[in-house]
Amino acid sequence: MEIIKIKLSVSNAYLVKDKKSILIDTGSPKEADKILSAVKKAGVDVKDLSLILHTHGHVDHAGSTAELKRRLRIPSAIHKDDAFMLQTGTNGLVNAINFEAEIYKKILVKPFEASEPDIIIENEMLLSDFGVDGKIIFTSGHTKGSISILFGNNEMIIGDVMMGGFMGGNLFASRPTYHYFYNNLDEIKSSIKKIVNLKPSKVYVGHGGPLLLEDVNKRFSEIL
Ligand SMILES: [Zn+2]
Ligand SMILES: [Zn+2]
(Lines give C-alpha, C1' and ligand atoms only; values in the text may rest on other atoms or scores of the structure.)
(Ligands and ions follow the chains in the order given, each with its own letter.)
Protein backbone atom coordinates (compact mmCIF):
# COMPACT_ATOMS: atom_id res chain seq x y z
CA MET A 1 0.00 0.00 0.00
CA GLU A 2 1.03 3.56 -0.57
CA ILE A 3 -0.14 6.86 0.91
CA ILE A 4 0.22 9.82 -1.45
CA LYS A 5 -0.09 13.35 -0.09
CA ILE A 6 -1.92 15.78 -2.37
CA LYS A 7 -0.95 19.30 -1.31
CA LEU A 8 -3.77 21.73 -2.03
CA SER A 9 -4.24 25.47 -1.50
CA VAL A 10 -4.99 25.28 2.23
CA SER A 11 -4.90 21.63 3.24
CA ASN A 12 -3.66 18.18 2.22
CA ALA A 13 -5.89 15.51 0.72
CA TYR A 14 -4.59 11.95 0.44
CA LEU A 15 -4.78 9.15 -2.08
CA VAL A 16 -4.40 5.73 -0.51
CA LYS A 17 -3.40 3.04 -3.02
CA ASP A 18 -4.05 -0.57 -2.06
CA LYS A 19 -6.13 -3.34 -3.71
CA LYS A 20 -8.41 -0.47 -4.57
CA SER A 21 -7.81 3.21 -3.89
CA ILE A 22 -9.63 5.71 -1.70
CA LEU A 23 -9.53 9.48 -1.37
CA ILE A 24 -9.18 10.94 2.10
CA ASP A 25 -10.63 14.47 2.19
CA THR A 26 -11.37 16.73 -0.77
CA GLY A 27 -9.66 20.03 0.00
CA SER A 28 -11.36 23.41 -0.35
CA PRO A 29 -14.04 24.32 -2.94
CA LYS A 30 -12.89 24.18 -6.60
CA GLU A 31 -10.04 21.73 -6.01
CA ALA A 32 -11.57 18.68 -7.75
CA ASP A 33 -9.39 19.16 -10.86
CA LYS A 34 -6.19 19.33 -8.82
CA ILE A 35 -7.16 16.17 -6.92
CA LEU A 36 -8.09 14.22 -10.03
CA SER A 37 -4.89 15.17 -11.83
CA ALA A 38 -2.89 14.03 -8.78
CA VAL A 39 -4.77 10.72 -8.91
CA LYS A 40 -3.87 10.28 -12.59
CA LYS A 41 -0.26 11.28 -11.95
CA ALA A 42 -0.08 8.56 -9.29
CA GLY A 43 -1.03 6.02 -11.95
CA VAL A 44 -4.47 5.29 -10.48
CA ASP A 45 -7.46 4.88 -12.81
CA VAL A 46 -10.36 6.92 -11.40
CA LYS A 47 -12.49 3.78 -11.92
CA ASP A 48 -10.45 2.13 -9.15
CA LEU A 49 -11.47 4.75 -6.57
CA SER A 50 -13.93 3.17 -4.18
CA LEU A 51 -14.62 5.81 -1.52
CA ILE A 52 -14.28 9.43 -0.41
CA LEU A 53 -13.57 9.31 3.33
CA HIS A 54 -13.59 12.51 5.42
CA THR A 55 -11.34 12.99 8.43
CA HIS A 56 -13.88 15.66 9.44
CA GLY A 57 -16.40 18.04 7.93
CA HIS A 58 -14.55 21.37 7.66
CA VAL A 59 -14.60 23.41 4.42
CA ASP A 60 -10.91 22.71 3.66
CA HIS A 61 -11.48 18.92 3.91
CA ALA A 62 -14.96 18.55 2.43
CA GLY A 63 -15.03 21.60 0.13
CA SER A 64 -14.87 19.67 -3.17
CA THR A 65 -16.83 16.61 -2.10
CA ALA A 66 -20.04 17.55 -3.94
CA GLU A 67 -18.13 18.16 -7.20
CA LEU A 68 -16.06 14.95 -6.88
CA LYS A 69 -19.19 12.90 -6.21
CA ARG A 70 -20.79 14.29 -9.38
CA ARG A 71 -17.73 13.33 -11.39
CA LEU A 72 -16.76 10.02 -9.78
CA ARG A 73 -20.12 8.64 -8.64
CA ILE A 74 -18.58 6.91 -5.64
CA PRO A 75 -19.85 6.89 -2.03
CA SER A 76 -18.70 9.37 0.60
CA ALA A 77 -18.31 8.61 4.30
CA ILE A 78 -18.16 10.80 7.39
CA HIS A 79 -18.53 10.30 11.15
CA LYS A 80 -22.10 10.70 12.39
CA ASP A 81 -21.23 13.76 14.48
CA ASP A 82 -19.80 15.66 11.48
CA ALA A 83 -22.43 14.50 8.97
CA PHE A 84 -24.44 17.72 9.42
CA MET A 85 -21.48 19.75 8.11
CA LEU A 86 -21.52 17.88 4.80
CA GLN A 87 -25.32 17.95 4.67
CA THR A 88 -25.50 21.73 5.24
CA GLY A 89 -22.12 22.95 3.92
CA THR A 90 -21.27 24.53 7.27
CA ASN A 91 -18.40 24.21 9.74
CA GLY A 92 -20.06 23.78 13.14
CA LEU A 93 -18.49 25.26 16.25
CA VAL A 94 -14.97 26.56 15.53
CA ASN A 95 -12.95 27.96 18.45
CA ALA A 96 -9.68 29.74 17.68
CA ILE A 97 -6.71 28.74 19.82
CA ASN A 98 -4.96 32.17 19.70
CA PHE A 99 -4.97 35.55 17.98
CA GLU A 100 -3.33 34.30 14.78
CA ALA A 101 -5.99 31.58 14.63
CA GLU A 102 -8.75 34.24 14.89
CA ILE A 103 -7.41 35.80 11.69
CA TYR A 104 -7.27 32.46 9.88
CA LYS A 105 -10.79 31.74 11.08
CA LYS A 106 -12.12 34.95 9.46
CA ILE A 107 -10.38 34.15 6.17
CA LEU A 108 -10.86 30.39 5.95
CA VAL A 109 -14.06 29.34 7.68
CA LYS A 110 -16.63 29.76 4.90
CA PRO A 111 -19.72 27.81 3.78
CA PHE A 112 -19.31 25.26 0.97
CA GLU A 113 -21.48 23.15 -1.34
CA ALA A 114 -23.46 20.60 0.66
CA SER A 115 -23.83 16.93 -0.30
CA GLU A 116 -25.49 13.92 1.25
CA PRO A 117 -23.06 11.39 2.74
CA ASP A 118 -23.70 7.78 1.69
CA ILE A 119 -22.09 6.21 4.72
CA ILE A 120 -22.51 7.54 8.25
CA ILE A 121 -19.70 6.16 10.42
CA GLU A 122 -20.92 5.00 13.82
CA ASN A 123 -18.19 2.49 14.77
CA GLU A 124 -14.42 2.20 14.42
CA MET A 125 -14.84 0.16 11.24
CA LEU A 126 -12.38 -1.53 8.86
CA LEU A 127 -11.95 -0.33 5.28
CA SER A 128 -11.64 -3.82 3.77
CA ASP A 129 -14.99 -3.44 1.96
CA PHE A 130 -13.34 -0.64 -0.01
CA GLY A 131 -10.19 -2.60 -0.88
CA VAL A 132 -7.96 -0.89 1.68
CA ASP A 133 -6.17 -2.40 4.67
CA GLY A 134 -7.03 0.23 7.25
CA LYS A 135 -9.11 0.91 10.33
CA ILE A 136 -11.02 4.03 11.33
CA ILE A 137 -10.11 5.30 14.80
CA PHE A 138 -12.24 7.92 16.56
CA THR A 139 -10.18 11.01 17.47
CA SER A 140 -12.62 13.77 18.41
CA GLY A 141 -11.72 17.23 19.64
CA HIS A 142 -10.88 19.26 16.54
CA THR A 143 -14.47 18.53 15.61
CA LYS A 144 -16.81 16.18 17.41
CA GLY A 145 -16.74 13.70 14.53
CA SER A 146 -13.00 13.83 13.70
CA ILE A 147 -11.54 10.46 12.73
CA SER A 148 -8.08 9.05 12.01
CA ILE A 149 -7.13 6.01 9.94
CA LEU A 150 -4.53 3.42 10.95
CA PHE A 151 -3.27 1.52 7.90
CA GLY A 152 -1.82 -1.96 7.56
CA ASN A 153 1.64 -0.47 6.94
CA ASN A 154 1.40 1.13 10.42
CA GLU A 155 1.12 4.67 9.05
CA MET A 156 -1.73 6.95 10.10
CA ILE A 157 -3.70 9.81 8.60
CA ILE A 158 -5.07 11.91 11.46
CA GLY A 159 -6.65 14.95 9.77
CA ASP A 160 -6.53 18.04 11.98
CA VAL A 161 -6.01 16.41 15.40
CA MET A 162 -2.68 18.25 15.23
CA MET A 163 -0.82 20.18 12.56
CA GLY A 164 2.65 20.13 11.03
CA GLY A 165 4.56 23.42 11.02
CA PHE A 166 3.56 27.07 11.06
CA MET A 167 1.77 29.35 8.58
CA GLY A 168 -0.70 26.59 7.74
CA GLY A 169 2.05 23.99 7.44
CA ASN A 170 4.23 25.95 5.01
CA LEU A 171 7.11 26.48 7.47
CA PHE A 172 8.85 23.63 9.33
CA ALA A 173 6.18 21.21 8.05
CA SER A 174 7.50 18.25 10.05
CA ARG A 175 7.20 20.03 13.42
CA PRO A 176 4.06 18.93 15.33
CA THR A 177 1.89 21.62 16.90
CA TYR A 178 -1.70 22.19 18.02
CA HIS A 179 -4.09 23.04 15.19
CA TYR A 180 -5.50 26.59 15.05
CA PHE A 181 -9.05 25.45 15.67
CA TYR A 182 -10.71 23.28 18.26
CA ASN A 183 -14.11 22.09 19.33
CA ASN A 184 -12.97 20.57 22.64
CA LEU A 185 -9.34 20.88 23.76
CA ASP A 186 -9.53 18.08 26.37
CA GLU A 187 -10.78 15.70 23.69
CA ILE A 188 -7.90 16.75 21.42
CA LYS A 189 -5.43 15.85 24.17
CA SER A 190 -7.08 12.44 24.68
CA SER A 191 -7.00 11.86 20.93
CA ILE A 192 -3.28 12.72 20.74
CA LYS A 193 -2.66 10.17 23.51
CA LYS A 194 -4.73 7.58 21.67
CA ILE A 195 -2.69 8.14 18.48
CA VAL A 196 0.68 7.99 20.30
CA ASN A 197 -0.35 4.74 22.02
CA LEU A 198 -0.92 3.15 18.61
CA LYS A 199 2.76 3.87 17.78
CA PRO A 200 2.34 4.78 14.10
CA SER A 201 5.56 4.83 12.05
CA LYS A 202 4.48 7.99 10.24
CA VAL A 203 1.69 10.50 10.90
CA TYR A 204 0.06 12.32 7.98
CA VAL A 205 -1.87 15.49 8.85
CA GLY A 206 -4.29 17.89 7.18
CA HIS A 207 -1.79 20.76 7.12
CA GLY A 208 1.98 20.32 6.68
CA GLY A 209 3.56 17.05 7.79
CA PRO A 210 4.21 14.17 7.67
CA LEU A 211 5.25 13.87 11.32
CA LEU A 212 7.41 11.33 13.12
CA LEU A 213 6.22 9.74 16.36
CA GLU A 214 9.34 10.82 18.27
CA ASP A 215 8.66 14.47 17.38
CA VAL A 216 5.01 14.13 18.43
CA ASN A 217 6.14 12.59 21.73
CA LYS A 218 8.58 15.45 22.34
CA ARG A 219 6.12 18.23 21.46
CA PHE A 220 3.24 16.87 23.54
CA SER A 221 5.27 15.31 26.39
CA GLU A 222 3.44 17.44 28.98
CA ILE A 223 0.09 15.86 28.15
CA LEU A 224 1.22 12.28 27.43
ZN1 LIG B 1 -10.35 21.22 10.35
ZN1 LIG C 1 -7.96 21.66 8.01
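**Notebook: zinc site, one sheet, two residues**

I started with strand 10, where Met-156 is the bridge partner of Leu-150. The model I am reading is predicted. I then looked up how strand 9 and strand 10 (residues 155-157) run, and they pair in the antiparallel sense over two bridges. As background, I note that strands of a sheet pair through backbone hydrogen bonds, either parallel or antiparallel.

Next I traced the sheet. It is open, has four strands in the order 8-9-10-14, and its pairing is mixed. I listed strand 8 and strand 14 (202-204) as the edge strands, since each pairs on one side only. For the twist I noted that neighbouring strands of this sheet are turned by 25 degrees against each other on average, direction ignored.

**Zinc site**

I looked up the donors of the zinc ion (ligand 1). They are His-56 through NE2, His-58 through ND1, His-142 through NE2 and Asp-160 through OD, at 2.1 to 2.3 Å. I checked the geometry: the four donor atoms subtend angles of 89 to 173 degrees, which makes the arrangement irregular. The tetrahedral class would need all angles to lie between 85 and 135 degrees.

Along the chain I read the donor spacing as H-x1-H-x83-H-x17-D. I placed His-56 in the loop between strand 4 (49-53) and helix 2 (59-62), and His-142 in the loop between strand 8 (134-138) and strand 9 (147-151), so the pair ties together parts that are 86 residues apart in sequence. I found both His-56 and His-142 buried.

I also recorded a second metal: Asp-160 bridges the zinc ion (ligand 1) and the zinc ion (ligand 2), and the two ions lie 3.4 Å apart.

**His-207**

I located His-207 in the loop between strand 14 and helix 7 (213-219). Its relative accessible area is 5%, and because buried means under 20%, I enter His-207 as buried. I found a polar contact of 3.0 Å between the side chains of His-207 and Asp-60. Leaving out residues up to four places away in sequence, I list among the residues His-207 touches Asp-60, His-61, Asp-160 and His-179. The bridging residue Asp-160 is thus also on the contact list of His-207.

**Leu-171**

I placed Leu-171 in strand 12 (residues 171-177). At 42% relative accessibility, I enter Leu-171 as partly exposed. Setting aside neighbours within four places in sequence, I found Leu-171 in contact with Gly-165 and Phe-166. I also took the C-alpha separation of Leu-171 and Gly-208, which is 8.1 Å for residues 37 apart along the chain.

How values were computed:
Residues numbered from 1 in each chain as written. Chains lettered and ligands numbered in written order. Predicted model: local features only at pLDDT ≥ 70, side-chain atom pairs only at ≥ 80, totals over all residues. Heavy atoms only, no water. Donors = N, O, S within 2.8 Å, 3.2 Å for Na, K, Ca; no water. Tetrahedral: all angles 85-135°; square planar, octahedral: opposite > 155°, others 65-115°. Buried < 20%, exposed > 50% of the residue type's maximum accessible area, 1.4 Å probe, protein only. Contact = heavy atoms within 4.5 Å. Pairing = 2+ DSSP bridges. Axes fitted to C-alpha atoms, helices over the stretch in contact; angles between N-to-C directions. Polar contact = N/O pair within 3.5 Å; in protein donor to acceptor, adjacent residues only side chain to side chain.
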